[in-house]
Amino acid sequence: MSDGIIRLKFDILPNDMSAAGEASSGVKKVLNQLGVEPQKIKKAAIAMYEAEINAVIHGGGGIAEVVIDKEYIEVKIRDEGPGIADIELAMQEGYSTASDEIREMGFGAGMGLPNMKRYSDKLVIESEVGKGTTVTIVVNL
Amino acid sequence: MFDVETYFHSVRLDEERCKGCTNCIKRCPTEAIRVRKGKARIIDERCIDCGECIRVCPYHAKKAITDPCDIISLYKYKVVIPAPSIYGQFKNAASRNHILTALKAIGFDEVYEVARAAEIVTNATKELISASASIKPYISSACPAVVRLIQVRFPSLIDNIIKLESPMEVAARIVKKRIEAELNIPQEDIGVFFISPCAAKATSVKAPYETDKSFVDGVISIKDIFLKVLNGLGRVKRPEELEQAGLDGIRWANSGGESLALGTDKFLAVDGIHNVITILEEIENDRIEDVDFIEALACTGGCLGGPLTVENVYVAKTRLKKFIDQARDKDFSKHGQGGDDALMWTGNVEYKPVMKLDKDFTKAMKKLEILETINKDLPGLDCGACGAPSCRALAEDIVRGSAIETDCIFKLREKVRELAVQMMELETKMPPVLDCERKKGK
Ligand SMILES: Nc1ncnc2c1ncn2[C@@H]1O[C@H](COP(=O)(O)OP(=O)(O)O)[C@@H](O)[C@H]1O
Ligand code: SF4
Ligand SMILES: [Mg+2]
């Protein structure tokens, strides 16, 4: 148990935009308690928030698993949604398959994945159509 | 790292009145209050003086340190600078001139509207926003409670804060310098008194972050001076011509007023400390687009809803409306004295890492790990009976060494039950001399 590594787990509820962001908000609080530099907290929080939102609007909800070690924070967001057929295409700025309703709520600008890339030090996307998506974000502390 | 002075704050507890209930601990936006030994305790370094606890306390056990009205007698030349929110407090006032005349009659030599200085700040803000596109969105520093909230909870937004002096500070500086020059009175003989709607403003005079020393010499709450002004109002037959501010300035009392004065559509105005937190989270997540300016006020309704005001915020809004209309008709010109001094802060706000579990990162990690383990084991009811606002906060207190696990009544009950079981077990055990079973050699 006690290996000096912190592990946190959050459920991400499907279709609930009002609860979306709770996981990244919780992680922010924890990083604050650790005294991590504000700009690094911001990087981790934005990247995680975008992944969390994607799991809600595209992935049908999922889980977030967070590992905090001395040197880095790793966030794994896993869903069992439709998956991404063409990851390279999905990574392009402005590309989005979000519905009109989602767009009306101010989401679906197609900037989520590009932002994750921009704010993380390492980003890995594993996805299989029909099975689901796992996004791994690493931010060095 | 921080001395006591750094942590001055105005909100205090009235021990006599506190019943040790949990209303305040639940509402505090920085989890700065605990109930210990039947009384609420404020963790000084976390308090941002938003006044939320003053508002929610059913026993009026939370107060704010402000100056008594008779502080003015300490100075030879006395100037009063009322916050715009004062205009919403009086039912039968015919005009702002009536209120200002009655206020002055209490014993002041001069009155200068903070609303006038607000217009000067508005002009400076306009320039700042149009000059730089690198910071987006700018966040107003008009509410000191919000600035302090950003310092402790949203450090990554410190750069977004508009580092312009507050209307109160600008007003105080303008009057002091003018009186010194025109009337040849040394600054130390001039007392400038701010009439305040809140504790946060009192703190920004006693412990300013924008400059070394405030030009304000005393802060009197609207509550404390209210009756004096009210009594005087009835005696005002012909009011003096004291109004100087236009509608742009007096609207600052309302949520949205500062934004409207800027004349841009690209603003977002939020009021109420918990709403402010939601919006600051959104800004941190890069979710606020097409907005240049954020007006964030800790009090619901803006300063008219300040914890040290007298009138209900919604009633006050209606009253203020009358004066806004009057100001519109009069059409005060925008020029006026004293707008030329630079308004930029000379001091700055720094990140206050008061939530940090330990100075040393490795130790902080260790503590966090224990915190999470303890938290998992707590019932998760956030009942408040332990005196902490949530189970997680109790876990945090335990790790910090200021609480123990059995402060949780459920944990205590578990322990008692365990003890009871052990006692029952012991009770069945006979001393060897009486134990027949054992004699039989079993
Ligand atoms: N977890 C996911 N599950 C399925 N599809 C996804 C997921 N994340 C992203 N996508 C696909 O990638 C596209 C681009 O994602 P993103 O850059 O976040 O933009 P947006 O969310 O605004 O559409 C989405 O529109 C969607 O088609
Ligand atoms: S909103 Fe106005 S009255 Fe309330 S704390 Fe802020 S400055 Fe004071
Ligand atoms: Mg997205």
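## Exercises on a predicted two-ligand model

B:Pro137 belongs to the loop that runs between helix H4 (114-131) and strand E7 (138-139) of chain B. Keep in mind throughout that this is a predicted model.

**Exercise 1.** Work out whether the peptide bond from B:Lys136 to B:Pro137 is cis or trans.

*Solution.* Start with the angle: omega for the bond from B:Lys136 to B:Pro137 is near -10°. That makes the peptide bond cis. For context, most peptide bonds are trans.

**Exercise 2.** Take B:Glu31 and B:Asp290, find the sign of phi for each, and then decide which is buried and which is exposed.

*Solution.* Step one is phi. B:Glu31 has a phi near 50°, which is positive even though the residue is not glycine. B:Asp290 has a positive phi too, near 55°, and is likewise a residue other than glycine. As a rule, most residues other than glycine have a negative phi.

Step two is the place in the chain. B:Glu31 is in the loop between helix H1 (23-27) and strand E2 (33-36) of chain B. B:Asp290 is in the loop between helix H11 (273-284) and strand E11 (293-297) of chain B.

Step three is the accessibility. B:Glu31 has a relative accessible area of 18%, and buried means under 20%, so B:Glu31 is buried. B:Asp290 comes in at 57%, and exposed means over 50%, so B:Asp290 is exposed.

**Exercise 3.** Place A:Pro82 and B:Phe215 in their loops, and classify each by relative accessibility.

*Solution.* Go to chain A first. A:Pro82 is in the loop between strand E3 (72-79) and helix H3 (87-90). Its relative accessibility is 49%, so A:Pro82 counts as partly exposed; the exposed class needs over 50%. A:Gly60 is 22 residues away along the chain, and the two C-alpha atoms are 8.5 Å apart.

Now chain B. B:Phe215 is in the loop between helix H7 (199-206) and strand E9 (218-221). With a relative accessible area of 21%, B:Phe215 is partly exposed, since buried requires under 20%. B:Phe215 and B:Ser140 are 75 residues apart in sequence, and their C-alpha atoms are 21 Å apart in space.

**Exercise 4.** Describe how chain A holds ligand 1: where does ligand 1 sit, what surrounds it, and which polar contacts does it make?

*Solution.* First, the site: ligand 1 sits in the largest pocket. Next, count the shell. It has 17 residues, and A:Asn54, A:His58, A:Ser96, A:Thr97 and A:Gly110 are the closest. By class, that shell is 7 nonpolar, 9 polar and 1 charged. Helix H5 (residues 112-119) of chain A contributes the most, with 3 residues.

Then go through the contacts. The side chain of A:Asp79 has an N or O atom 2.9 Å from a nitrogen atom of ligand 1. For A:Gly110, a backbone N or O atom is 2.7 Å from an oxygen atom of the ligand. For A:Leu113, a backbone N or O atom is 2.9 Å from a ligand oxygen. Finally, the cover: on its own, ligand 1 has 530 Å² of accessible area, and the protein covers 94% of that.

**Exercise 5.** Do the same for ligand 2: where does it sit, and how does its shell divide by class?

*Solution.* Ligand 2 sits in the largest cavity. The residues around it include B:Cys143, B:Cys198, B:Cys299 and B:Cys303, with B:Pro144, B:Pro197 and B:Lys201 also among them. Sorting the shell gives 9 nonpolar, 1 polar and 1 charged.

Notes: Residues numbered from 1 in each chain as written. Chains lettered and ligands numbered in written order. Predicted model: local features only at pLDDT ≥ 70, side-chain atom pairs only at ≥ 80, totals over all residues. Heavy atoms only, no water. Near = heavy atom within 4 Å. Polar contact = N/O pair within 3.5 Å; in protein donor to acceptor, adjacent residues only side chain to side chain. Areas by Shrake-Rupley, 256 points an atom, 1.4 Å probe, with all protein chains shown as cover. 1 Å grid on protein atoms, 1.4 Å probe; cavity = no way out; pocket = protein on both sides within 12 Å on 5 of 7 lines; lining within 4 Å. Sits in = over half its atoms within 2 Å of the grid points. Helix = DSSP H or I, 4+ residues; strand = E, 2+ residues; numbered from the N terminus. Nonpolar A, V, L, I, M, F, W, Y, C, P; charged D, E, K, R; others polar. Buried < 20%, exposed > 50% of the residue type's maximum accessible area, 1.4 Å probe, protein only.
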